[in-house]
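Look at the chain shown below. The report that follows takes up a few of its parts and then the chain as a whole.

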Amino acid sequence: MRMSHSTFTILLGGNLTVTDRLRDAVAGSRFIAADSGMRHAAALGVTPELWVGDFDSSDAALIAQFPGVERQAFPPAKNETDGEIATTGAIERGAARLIFVGALGGERSDHALQHFFHAMSLAERGLDILLTSGDEEAMPLLPGAKTLGLPKGSLFSVIGFSDLEGLDIIGARYPLDDFSLPFGSSRTVSNVAEGPVEFHLKSGRAMILARPYDMTGA
């Protein structure tokens, strides 16, 4: 399905496996690369409209591969990560939905964790957020309802970033109804989708993590 011009994909430096599901997710979006995240552009067959960062992790060969892309360089000693700078650029261009590719895994666990909190803060501002490595996906869950289309038998978890109240999980092997989850509880780790999974939440904040190609729980 083709997306509107208000969907932006941010290319980050973490791990990436190019899957059909990932290609479908980013089809029709606009692209902005954050420093070494530009290496994913060739794998996806796209040319970003903007490339930002301090370029400390982009070698000369990568820079030479995309000579026509607008670059905005920032000093290494800055107050924001390259991903945050790329996000600001997307929002300034009218982004309402943001897909962060390469946001999960990689060598820097501090960066991966920061991506979760950054995604949560963006969701609280009303943006629609997806983080993906191709093999794994994550999306913030705030009070309200959300549906995640997953293949039957695939694994997913809900990780509470606070106490959760009124949590419903519908369409899973282990459904929940108006459940209270204490902060730090593992009760909602490793569930199995029976198809599209619907989530309702009355209060709190959480992250849904899914592995669409992982059928080890089936």
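In this predicted model, G94 comes just after helix 4 and takes a positive phi of about 100°. Helix 4 itself covers residues 82–92. Its buried residues are D82, G83, I85, A86, T87, G89 and A90. An α-helix has 3.6 residues a turn, so residues three or four places apart point the same way. What lies over the buried residues of helix 4? The cover includes strand 1, strand 2 (30–34), strand 3 (50–53), strand 5 (97–101) and helix 5 (109–124).

Strand 1 also leads to the next residue of interest. T19 sits in the loop between strand 1 (7–11) and helix 1 (20–26). Is T19 buried or exposed? Its relative accessibility is 10%, and buried means under 20%, so T19 counts as buried. A polar atom of the T19 side chain lies 3.1 Å from the backbone nitrogen of L22. Apart from neighbours within four places in sequence, T19 is in contact with G134 and Y213.

P196 belongs to strand 12, which runs over residues 191–201. With a relative accessibility of 58%, and with exposed meaning over 50%, P196 counts as exposed. P196 still has contacts beyond its neighbours within four places in sequence: T147, L148, G149, L150, I170 and G171. K152 is 44 residues away from P196 along the chain, and the C-alpha atoms of the two are separated by 7.8 Å.

The two residues are set side by side here.

| Residue | Place | Relative accessibility |
|---|---|---|
| T19 | loop between strand 1 and helix 1 | 10%, buried |
| P196 | strand 12 | 58%, exposed |

Now the whole chain. The protein chain has 5 helices and 13 strands. Its C-alpha atoms fill a box of roughly 55 × 35 × 30 Å, taken along the principal axes. The radius of gyration is 18 Å, which agrees with the value near 17 Å that a compact globule of 218 residues would have. Of the 218 residues, 48% are buried.

Contacts can also be sorted by separation in sequence. Among those between residues at least 6 apart, 65% join residues at least 24 apart.

The last topic is surface and charge. The protein chain exposes about 10,200 Å², and carbon and sulfur atoms supply 51% of this area. There are 18 positive and 27 negative side chains. The centres of these two sets lie 3 Å apart.

Methods:
Residues numbered from 1 in each chain as written. Predicted model: local features only at pLDDT ≥ 70, side-chain atom pairs only at ≥ 80, totals over all residues. Heavy atoms only, no water. Helix = DSSP H or I, 4+ residues; strand = E, 2+ residues; numbered from the N terminus. Buried < 20%, exposed > 50% of the residue type's maximum accessible area, 1.4 Å probe, protein only. Polar contact = N/O pair within 3.5 Å; in protein donor to acceptor, adjacent residues only side chain to side chain. Contact = heavy atoms within 4.5 Å. Rg over C-alpha atoms; globule rule 2.2 N^0.38 Å. Areas by Shrake-Rupley, 256 points an atom, 1.4 Å probe, with all protein chains shown as cover. Lys, Arg positive; Asp, Glu negative; His and termini not counted. Charge placed at Lys NZ, Arg CZ, Asp CG, Glu CD.
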